[in-house]
Amino acid sequence: MATVAPSRTVLERFPAGHPRGSWPADEYAATQRAQGLDAHVVMDLRTDQFLVVTDTATR
């Protein structure tokens with residue numbers, strides 16, 4: 001029996017080197033959640049970016 005990983009949609013990307021750290025990504029995710037979208041922030045170590053993602057198809 002194969003397991004299917006949930007698909008993620010990247011809503012926005014923010015550089016990890018931003019002077020305010022992850023705050024812009026967290027603020028963007030909070031705005032998306034206020035609009036009813038289940039958005040959260042993850043760190044992409046490969047690209048050194050904070051990604052705001054959702055597990056539901058949005059676009």
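**Group meeting: a walk through a β-α-β-β chain**

Hi everyone. Reading from the N terminus, the elements of this chain come in the order β-α-β-β. That is one helix and three strands in total. Please keep in mind that this is a predicted model.

Let me begin with some overall values. The chain has 59 residues, and 24% of them count as buried. About 4,300 Å² of the chain is exposed, with carbon and sulfur atoms supplying 54% of that area. For those of you who like contact maps: among contacts with a separation of 6 or more, 52% are between residues 24 or more positions apart.

Now to the strands, and strand 3 is a good place to start. Strand 3 pairs with strand 1 in the antiparallel sense, over six bridges. Strand 2, residues 39–44, also pairs with strand 3 in the antiparallel sense, again over six bridges. If you want residues to click on, Val10 has Val53 in strand 3 as its bridge partner, and Met43 is bridged to Phe50 of strand 3.

So why is strand 3 described as largely enclosed by the rest of the structure? Buried here means under 20% relative accessible area, and five of the six residues of strand 3 meet that, so the strand is largely enclosed.

While we are here, look at the hairpin of strand 2 and strand 3. Four residues lie between the strands, and Asp48 takes a positive phi near 60 degrees.

Next, the core. The largest nonpolar core has seven residues: Leu11, Phe14, Ala25, Ala29, Ala39, Phe50 and Val52. Strand 1 (9–15), helix 1 (23–34) and strand 3 (49–54) each contribute at least two of these core residues.

Let's zoom in on Phe50, one of those seven. Which residues does Phe50 touch, if we skip those up to four places away in sequence? The list includes Phe14 and Ala25, along with Pro15, Ala16, Gly21 and Ser22. Phe50 also touches Val41, Val42 and Met43, and Met43 is the bridge partner we met a moment ago.

My last stop is Gln32, which sits in helix 1. Is Gln32 buried or exposed? Its relative accessible area is 12%, so Gln32 counts as buried. Setting aside neighbours within four places in sequence, Gln32 is in contact with Leu11, Leu37 and Ala39. Of those contacts, Leu11 and Ala39 are among the residues of the nonpolar core.

That's my tour. Thanks for listening, and I'm happy to go back to any of these residues on the screen.

Methods. Residues numbered from 1 in each chain as written. Predicted model: local features only at pLDDT ≥ 70, side-chain atom pairs only at ≥ 80, totals over all residues. Heavy atoms only, no water. Core = buried A, V, L, I, M, F, W, Y, C linked by side-chain atoms within 4.5 Å. Buried < 20%, exposed > 50% of the residue type's maximum accessible area, 1.4 Å probe, protein only. Helix = DSSP H or I, 4+ residues; strand = E, 2+ residues; numbered from the N terminus. Contact = heavy atoms within 4.5 Å. Areas by Shrake-Rupley, 256 points an atom, 1.4 Å probe, with all protein chains shown as cover. Pairing = 2+ DSSP bridges.
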